[in-house]
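Subject: Structure handover

Hi,

Here is the structure I promised to pass on. My notes follow below it.

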Amino acid sequence: MATKRSDRQAGNRGAFDAARLKILKTQTICGICGKPVDFSYKNPHPLAPTVDHIIPVSKGGHPSDIANLQLAHRCCNRAKADSLIEPRKKDESDKVIPNDMLEQHFDWINYRAK
Ligand SMILES: [Zn+2]
């Protein structure tokens, strides 16, 4: 099955997969929380390794350039994504911020490290 001149669509996907594999092979530290990533965890475990866009594609970051990709825990990646989706408005900042996911995340790390 020949893919004709589809570099810009399929190529991007292939480039991301290649960059992703390279990061999974060469990086061991979560780029978001700075803690080691344990590759024995698999999705959908919260501490499973994922590849995160440093600058989200939705914010203009490159979708497949390895310079815009980093290793991250699944939960860190998700927490970051959640915080980037909707910048909080001023009058919402007084409300309680739902940070249960972050607390759990750091508890898990500490349990493993100590
Ligand atoms: Zn992390």
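Which pattern does the protein follow when read along the sequence? The pattern is α-β-β-α-α. That comes to three helices and two strands. Please keep in mind that this is a predicted model.

**Overall**

The protein has 114 residues, and 25% of them count as buried. Take the contacts with a separation of 6 or more: 61% of them are between residues 24 or more positions apart.

Two C-alpha pairs illustrate contrasts between sequence and space. K35 and H73 are 38 residues apart along the chain, and their C-alpha atoms are separated by 8.9 Å. T26 and L71 are 45 residues apart in sequence, with 9.2 Å from C-alpha to C-alpha.

K35 sits in the loop between α1 and β1. Its relative accessible area is 28%, so K35 is classed as partly exposed. T26 belongs to helix α1. T26 counts as exposed because its relative accessibility is 55%, and the class starts over 50%.

**Core**

The largest nonpolar core has 12 residues in all. Its members are F16, A19, I23, C30, V37, L47, V51, L69, L71, A72, C75 and C76. Which elements each supply at least two residues of this core? They are α1, β2 (69–73) and α2 (74–85).

One core member, C76, has a relative accessible area of 4%, so C76 is buried. C33 is another cysteine to look at. C33 is partly exposed because its relative accessibility is 22%, and buried means under 20%.

How many disulfides are there? The count comes to zero. The cut-off behind that count is a pair of cysteine sulfur atoms within 2.5 Å.

**Second largest pocket**

The space in the second largest pocket is about 160 Å³. Its lining consists of R20, L24, F39, Y41, K42, N43, A48, P49, T50 and V51. Two elements give two or more residues to that lining: α1 (7–26) and β1 (49–53). The largest share comes from β1, with three residues.

What is the chemical make-up of the lining? It divides into six nonpolar, two polar and two charged residues. V51 appears in this lining, and V51 is also listed in the largest nonpolar core.

**A cis peptide bond**

Check the peptide bond from N43 to P44 before you set anything up. That bond is cis, with omega near 5°. P44 lies in the loop between α1 and β1, the loop that also holds K35. N43 is one of the residues that line the second largest pocket.

**Loop between β1 and β2**

Two residues here deserve a look. Both S64 and G61 lie in the loop between β1 and β2.

Is S64 buried or exposed? S64 counts as buried because its relative accessibility is 7%, and the buried class is under 20%. Leaving aside neighbours within four places in sequence, S64 is in contact with N12, A15, F16, A19 and L69. Among them, F16, A19 and L69 are members of the largest nonpolar core.

G61 has a relative accessible area of 8%, so G61 is buried too. Not counting residues up to four places away in sequence, G61 touches I55, P56 and N68.

**In short**

The items to take away are the core, the pocket and the cis bond. The largest nonpolar core has 12 residues. The second largest pocket holds about 160 Å³ of space. The bond from N43 to P44 is cis.

Best wishes

Definitions and conventions. Residues numbered from 1 in each chain as written. Predicted model: local features only at pLDDT ≥ 70, side-chain atom pairs only at ≥ 80, totals over all residues. Heavy atoms only, no water. 1 Å grid on protein atoms, 1.4 Å probe; cavity = no way out; pocket = protein on both sides within 12 Å on 5 of 7 lines; lining within 4 Å. Points joined across faces, edges and corners; volume = space filled by probe spheres on them. Helix = DSSP H or I, 4+ residues; strand = E, 2+ residues; numbered from the N terminus. Nonpolar A, V, L, I, M, F, W, Y, C, P; charged D, E, K, R; others polar. Buried < 20%, exposed > 50% of the residue type's maximum accessible area, 1.4 Å probe, protein only. Core = buried A, V, L, I, M, F, W, Y, C linked by side-chain atoms within 4.5 Å. Contact = heavy atoms within 4.5 Å.
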